[in-house]
Amino acid sequence: MHEMGIALEVIRIAGQSIPPELEGAQIAKINLKVGKLAAVVADSLRFCFEVASKGTPAEGARLVIEEIPVQLRCRGCGRTWTAQEPVFVCQDCRSTEVKMISGRELDIDTIELVDGENDDEPSG
């Protein structure tokens, strides 16, 4: 299950993103963009995140995962489309010379913090 490794890395990066002047701040929410072909099981990642974040500034944070569809562009005719199946053939010119525009992402989009002194105000 590589989701645990991903969860640990997200927690590490999020923790390092807390500015020194906000020492003691907690992470309220982490927004991830995960491509459909990134081979990440969202529920497993959430579970691993919950377990791995205990005792860290990310403990109790909400992990929001946005799935990014597979977008392709034909190198022959330039057509762009969203692939619904694992068949990467241009429907216009039948070329197999396609470029993947999106679908493999695994990015931290945003991290929201709660200042340790005022738990009602998100920052960042």
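These legends go with four close-up views of the structure above. The structure is a predicted model, where local features need pLDDT of at least 70 and side-chain atom pairs count only at pLDDT 80 or more, while totals for chains, interfaces and linings use all residues. Residues are numbered from 1 along each chain as its sequence is written, and side-chain values use heavy atoms, leaving out hydrogens and water.

**View 1. Helix α1 and its buried face.** Helix α1 covers residues 3-16 (helices are DSSP runs of H or I with at least four residues, strands are runs of E with at least two, and both are numbered from the N terminus). With 14 residues at 1.5 Å a residue, α1 should span 20 Å, and its end C-alpha atoms are indeed 20 Å apart (the expected span is 1.5 Å times one less than the number of residues). Its buried residues are E3, I6, A7, V10, I11 and A14 (buried means under 20% relative accessible area, exposed over 50%, and partly exposed in between, with a 1.4 Å probe and protein chains only). Looking down the axis of α1, these buried residues fall within an arc of 135 degrees, so they line one face of the helix (the arc is that of the directions from the helix axis to the C-beta atoms). An α-helix has 3.6 residues a turn, so residues three or four places apart point the same way. The buried residues of α1 pack against β1 (26-35), α2 (42-52) and β6 (106-114).

**View 2. E3, a buried charge in α1.** E3 sits in helix α1. Despite being buried, E3 has no salt bridge, and R46, the nearest side chain of opposite charge, is 11 Å away (a salt bridge puts a side-chain nitrogen of Lys or Arg within 4 Å of a carboxyl oxygen of Asp or Glu; Lys and Arg count as positive, Asp and Glu as negative, and His and the chain ends are not counted). Setting aside neighbours within four places in sequence, E3 is in contact with A39, V40, V41, S44, L45 and C48 (contact means heavy atoms within 4.5 Å).

**View 3. S102 in strand β5.** Find S102 in β5, residues 98-102. S102 is buried, at 11% relative accessible area. A polar atom of the S102 side chain lies 2.9 Å from the backbone oxygen of P69.

**View 4. Q71 in strand β3.** Q71 belongs to β3, residues 71-74, and is partly exposed at 22% relative accessible area. The C-alpha atoms of Q71 and W81 are 5.7 Å apart, though ten residues separate them along the chain.

Definitions and conventions. A polar contact is a pair of N or O atoms within 3.5 Å; within protein, one must be able to donate a hydrogen and the other to accept it, and residues adjacent in sequence count only if both atoms are side-chain atoms.
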